[in-house]
Amino acid sequence: MLYEIIKDSTIAEPKISAIVPVYNVISYIDETINSLLNQTLKDIEIILVDDGSTDGSFEKIISYGEKYDNICVAKEPNAGPGMARNNGLSIAKGKYISFVDSDDILPERALEIMYEAAEREQVGIVTGISVSFNNSRSWFIGGHFKKGVFKRGRKTLLQNPEMLYTLGPCNKLYRRDVVQDIRFPDSIKVAEDHPFVIEAYLKSNNIYTVDEIIYNYRAREDVGDISLSQIVTADPYASFKDIVASIKLSDVLFKQYVTNPVALQKIRIDYYDRIIATDIWPAYKGILLNGNAETQTKMFEAFRDLLDSMDFHLFNNLGVFQRLLTFETINRYTFIKEKARSSYLRALRLAYEKLDPGSFNKLLSSDFPKEVRAGEKAAKRNSVKPIYNRLVTRKLGSTISAGFEKIILANWRKLVGVSRNFYARRIAFPFYKLAKKQRKIVFLTNKHDVLSDSFKAVYDELILQKPDYQVVGYLKQPQRTISELLKMYKDIATAEYVFLDDYYRQIYGLKLRKDSEVIQLWHAAGAFKKFGFSSIGYADSNTESFERDAHQNYTKVVVSSSEIVPFYAEAFGVDEKNVLPLGVPRTDCFFNEDYKAYIKTVFEGKYPALKNKKIITYAPTFRGGPGERQQFIMNLNIRRLAEQLGDEYALILKMHPSVVRGVGIPFDLQEFAFNMSGEDINDVLINTDILITDYSSVVFDFSIMEKPVLFYAYDLESYLGERNFYYNFEEFVPGPVVLTNEEVISTIKANDFDLNKVRAFKERFFDDLDGKSAERIVKELIK
């Protein structure tokens, strides 16, 4: 785009070039220019680029240019702020670049603060705190505050994806060599800044945030005088179209700059989640509530195209997009014009085709499970009738339909004479077993409400290897309705394959069909503590009849090595030939160098206090029965460890999932110790240098990486009576056994570890060390 320099600045080597696109802002431009002229930092070049103003703004900036030597005035035909900024970049001579919108205001020390930080920290981008203001008040930007964007310190986009919540160009200082070859797209006017800022983040790869206010965004209050950032409300379809175009441009940049495939997948998830929640969502609601049939149709077609471009990993990590396409739209279905409804149905069908069982379970756990089910039926039948039926039922909810449904649920026992569970298990299930077996795979777990651990790894392989199978998941849920119970037992009764990862009480005592494969992917690797039939007679054990009901249906059990086949055969009461050493899918990540590199990068950004420290992780197992294990008594003296090891080490606490109450860390030790019980155990282990455990099977997983492990077995004698082990504990474990805190400290200080023992332990308990357990399980078991 051609531009003309009307008046150039006379500063030969400015520290900062502040670029201001100007378009019809006669009411605001004085304040903006004066906030730049009053900056405490000197040697600032102010570049004012007029974008075809018609209200006197151009004449106003000419007058400033004539008065001040450090002001440059340029002019271009109207093309939008992106082109004006591009032309400003072509003119700029400063070491650093700042963008300022022509109605906003900079605090007087803003540029000095950012310039000093950039020089001191030697980074490519500096950002800081922004506030919004109008004629009566000012306020922090909610999205910035909630996501921790204001947090001071060094950052990168991959380590700190919260930076995606500040994609405006104006509250930042850029080193010119970072952005001199980057340009704003000239084809869009909304979200046109996102690709520019994202590329600057990725190209710079070092960002510093100052914890001071450096920018004031104006929220215009005159309905007839809105800024570009407010155009979403005024013209939602134009906004929507530009946002989708911006997404496509940004996606290309991620693929260009991020070479680690795991990091690429995660940053795309974070980006899409942010853009859909904060940009597409407002535009979508505007089109849905106020749009005509043509714009609604175009929107739903664009949604379908966007969804079609996503792989199933990406879509199933975008809960906000799933909600938008399902119950959020179904709840507003009456606003959809008749001619646009078929377009919505096409998008809905593709959404349900791509939903994995974990995502579907999350939707069912929302406040609108019946709407989710109605959408599922509509997608399967390719008909909007189930949605109509649900809306009619809901509309009559306070009268006949809801009253009748309430009577049925409240009087279920009286109506059928039995409980819902008994009816589903004992009456409906045997009937369902008479039906023909289907090409269906069912995942059953009460451990997680999403697909995770081995289930996730196996599911991903099923999508690749066996796309012709229907995959269904019944994951952790507080309670199921009678219709959901019936559907679950019907799927179990007609499935060709059923996967478990633990005890699953819903099938205790049931006889599943003989021609179904029931595969136990036990959640723990190796064989350490006795369990199942092997633990009968010890303090923390079940009865023989209980274990029989729990395990009677297994046709295959998957384990990590041939050595432990007899133990699992005994524990589950199955023939040894049906215990298969195919590996533990959730440990495959330890062989994925891209995944490990990404997780280490994430932890550095999330927990900066761990940087340059060796990491000790304490990961004990639980004690006692279900009631006792919820309250874990910490026998590790954190304060003593901090005193003796704090200069070189940091401590992570990773409690067993059964320990529901977190372990507290004293305030003055929170730079040394971190309770990461909520983090994924594999991610914690990847970042661990020394593991302290006791009787936990986590030692098998950790041994894969051949790092030191220490066994803090202060209550060994009592634990032997509680559970006992398959091996002699002290001879079996691949590291020192200690009984006191002082022994823990002295062992770590002396580095008294034999990694040859760890290596031998790993090779003993994993037959295949190739990271292909999930691939092998699907290939071998799903015939």
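**Exercise 1: charges.** In this predicted model, how many positive and negative side chains does the protein chain have, and how far apart do the centres of the two sets lie?

*Solution.* Start with the counts: there are 104 positive and 105 negative side chains. Then take the centre of each set; the two centres lie 8 Å apart.

**Exercise 2: overall build.** Work out why the protein chain can be called as compact as a globular protein of its length.

*Solution.* First, list the elements: the chain has 33 helices and 22 strands. Next, compare two radii: the radius of gyration is 31 Å, close to the 28 Å that the globule rule gives for 783 residues, so the chain is as compact as a globular protein of that length. For the outline, the C-alpha atoms fill a box of roughly 95 × 75 × 45 Å along the principal axes.

**Exercise 3: inside and outside.** What share of the residues is buried, and what share of the accessible surface belongs to carbon and sulfur atoms?

*Solution.* Taking buried as under 20% relative accessible area, the share is 57% of the 783 residues. The accessible surface comes to about 33900 Å², and carbon and sulfur atoms account for 50% of that.

**Exercise 4: a sheet.** Trace the open sheet of 6 strands and find its edges.

*Solution.* Follow the order β19-β18-β17-β20-β21-β22, with parallel pairing. At the edges stand β19 (673-675) and β22 (737-738); each has a single partner strand, so one side of each is left without a neighbour in the sheet. Now zoom in on one pair: β17 (residues 614-618) and β18 (residues 649-653) are joined over 5 bridges. In that pair, Y618 stands opposite L653 of β18.

Note on methods:
Residues are numbered from 1 along each chain as its sequence is written. This is a predicted model: local features need pLDDT of at least 70, side-chain atom pairs count only at pLDDT 80 or more; totals for chains, interfaces and linings use all residues. Side-chain values use heavy atoms; hydrogens and water are left out. Helices (H or I, at least four residues) and strands (E, at least two) are DSSP runs, numbered from the N terminus. The radius of gyration is taken over C-alpha atoms; the globule rule is 2.2 Å times the number of residues to the power 0.38. Buried means under 20% relative accessible area, exposed over 50%, partly exposed in between (1.4 Å probe, protein chains only). Accessible areas come from the Shrake-Rupley method with a 1.4 Å probe; for residues, only the protein chains shown count as cover. Lys and Arg count as positive and Asp and Glu as negative; His and the chain ends are not counted. The place of a charge is taken as NZ of Lys, CZ of Arg, CG of Asp or CD of Glu. Two strands pair if DSSP finds at least two bridges between them.
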